[in-house]
Amino acid sequence: MAIITASSLPGLNLFSSLPSTPPPNDPSIPTSSKPPPSPPIPIPKYPPPTPLKNSTKPPTNPALKTLHRRTKYFKPVKEGVIASDGDRSVIVGDSGVSYLLPGAPFEFQYSYSETPKVKPLAIREPAFLPFAPPTMPRPWTGKAPLKKKKDKKVRLFDSFNPPPPGKMGAKQMEMPGPLPLGKYPKDGKTREEILGEPLKKWEIKMLIQPHLKNNRQVNLGRDGLTHNMLELIHSHWRGRRVCKVRCKGVPTVDMNNVCRHLEEKTGGKIIHRVGGVVYLFRGRNYNYRTRPQYPVMLWKPATPVYPKLIQEAPEGLTKAEADEFREQGEKLLPICKLAKNGVYITLVKDVRNAFEGSPLVKIDCKGMHASDYKKLGAKLKELVPCVLLSFDNEQILMWRGRDWKAMYQDAPLASMPSECGIADDINSSGKDDDCIDADAKTVSTSPKMMALWKNAIESSKALLLDETNLVPDALLKKVEEFEGISQATEHSYPALIFSSKGGRSSSVAESEDDPQSDVYTEDDIYSDSDDDDDYVDYDSDSFEDVDSSVPLGSLPVDTIAEKLRWE
């Protein structure tokens, strides 16, 4: 067998190195001689599809266009009808954008309580109604329409119409038909007839007691009373006589406005209110079958464009004065810090009291949504009233305005003794002439504190001394006498001073003789006056009867009351 070796094969190297790199481009070789690169695969061109002979383009609805809140749609509008489709129209008025449907008792809006009372400047989307179109052949059940067959039984639907007279117990059925846009009973009862006689206090206690610790409620948020909440409240009334509505956020600044819209739009009656919780009574003669049925909004309409709240030169100020106020507001401490989704019932009153001591007021709103504190500023501008200066750093800066008037007219303007002797240049400048004549014993008191002292003296909770230079023993004697009088006055039930022989007090006798004293009137719920903004915070214990195990006349204060009665 022959063996082949490397020496036997001339010119063959079994351990040759890798091929060397190609030589660099030679500039002497022209580029035109280089072959062009291969072209990519061409895109095939197909002929356009031929249209069908009997094909018709379906009608397009403007609501199905690809327009959203990120688009730059801007259309200026004026007061009046801006779009209409037969009897259905979109209207712009003092209450913003509203929708008018045939036969509706009022103009529909997305939010009834939180719509600004300013005419919008423009809209952000085409004007169309956010309701179902009136051309739907039947209520949507999730299945295709049935074909017309003689042997096929058509499915029946439960009827919401009132039963005919004489057939109250029979279940009403009806054929599938066009979807109605709403049913508004024209020949039905009025609101007063549905509510019936006013509720008495024991009836209100009986109706509210089951809802105190129950979470079955309607939550009212930053959008306020929306249109779809009307049907939701009626669904609560279907099983219970009272609907519990819990309000949080921006609408709680003006709870009277929320309560008024709740009663107007639903037809119910507010029988109790605690902070942001409202109890809405449906009425004695309410019938769910004959209720007004409103169409449901299928989406939230885009918010229109309103005038700016912050202006460079606000009302009554020049631009330089406004800038100076804004610089001073940066160093000003806020009067309060608002929490997100809180209850702001006392906010208007707090701002008014703050304006008594300072022309500028700032509220800290850090952590809140930008739209929330801007809505708060718009409400405070209307309710206080005041002038908005800025929303910088998530804070509301307000000025009380030139037409501001003090709330406490009779309260004296208190002066600080320390301010009267701070520096000689202040007195020489003539800015504090009132402090020069002020007595050295003057005590600094705010107008709000003076009003509280006055109310305490009128209600026998405080005593005004005629003589101030009393020795300690005489002052202690005065205090002991006043302590006994105040305890007898504030004692609720066991210390009643009986003036009649039958053992009944005059107040109890008057309440039992008057049949209307037990009726819960509308003034007990809410009032439009500014003084009734605060309401007593009732809890579950307030509706329980007070059962005192202490016999009458056994308390020490009873002896004091008996002594005062004989004197």
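**A four-stranded sheet, its helices and two nonpolar cores**

In this predicted model, 4 strands come together as an open sheet, lined up in the order E8-E9-E11-E10 with mixed pairing. Strand E8 (218-220) and strand E10 (269-274) sit at the edges; each has just a single partner strand, so one side of each is left without a neighbour in the sheet. Going from one strand to the next, the twist averages 25 degrees. As a bit of background, strands of a sheet are paired through backbone hydrogen bonds, and the pairing can be parallel or antiparallel. Here, strand E9 (residues 242-247) and strand E11 (residues 277-281) go for the antiparallel option, with 5 bridges between them. To pick out one residue pair, valine 242 has phenylalanine 281 of E11 as its bridge partner.

Helices come into the picture too. Helix H3 (residues 228-239) packs on the sheet and touches E8, E9 and E11, and its direction makes about 155 degrees with that of E8. Helix H2 (residues 201-208), for its part, lies across E9, E10 and E11 and runs at about 70 degrees to E10.

What about the nonpolar interior? The largest nonpolar core has 36 residues, and the ones touching the most other members are Tyr99 and Phe108. Several elements give two or more residues to this core: strand E3 (88-93), strand E4 (96-100), E8, H3, E9, helix H4 (255-266) and E11. Tyrosine 99 has plenty of contacts once residues up to four places away in sequence are set aside, among them Phe108, Phe128, Leu129, Pro130, Phe131 and Met297. There is also a second, separate core, this one of 22 residues, including Leu338, Phe355, Val361 and Val384.

Next, the cysteines. The structure holds 0 disulfides. Cysteine 365, for example, is in none: the nearest cysteine sulfur belongs to cysteine 336 and is 7.6 Å away, whereas a disulfide needs the two sulfur atoms within 2.5 Å. Cysteine 365 is buried, with a relative accessible area of 0%. Cysteine 243 is buried as well, and its relative accessible area is likewise 0%.

Zooming out, the protein chain has 14 helices and 14 strands. Of its 567 residues, 30% are buried. The chain's accessible surface comes to about 39800 Å², and carbon and sulfur atoms account for 55% of that. Finally, among contacts in the chain with a separation of 6 or more, 73% link residues 24 or more positions apart.

Definitions and conventions. Residues numbered from 1 in each chain as written. Predicted model: local features only at pLDDT ≥ 70, side-chain atom pairs only at ≥ 80, totals over all residues. Heavy atoms only, no water. Pairing = 2+ DSSP bridges. Axes fitted to C-alpha atoms, helices over the stretch in contact; angles between N-to-C directions. Contact = heavy atoms within 4.5 Å. Core = buried A, V, L, I, M, F, W, Y, C linked by side-chain atoms within 4.5 Å. Buried < 20%, exposed > 50% of the residue type's maximum accessible area, 1.4 Å probe, protein only. Areas by Shrake-Rupley, 256 points an atom, 1.4 Å probe, with all protein chains shown as cover.
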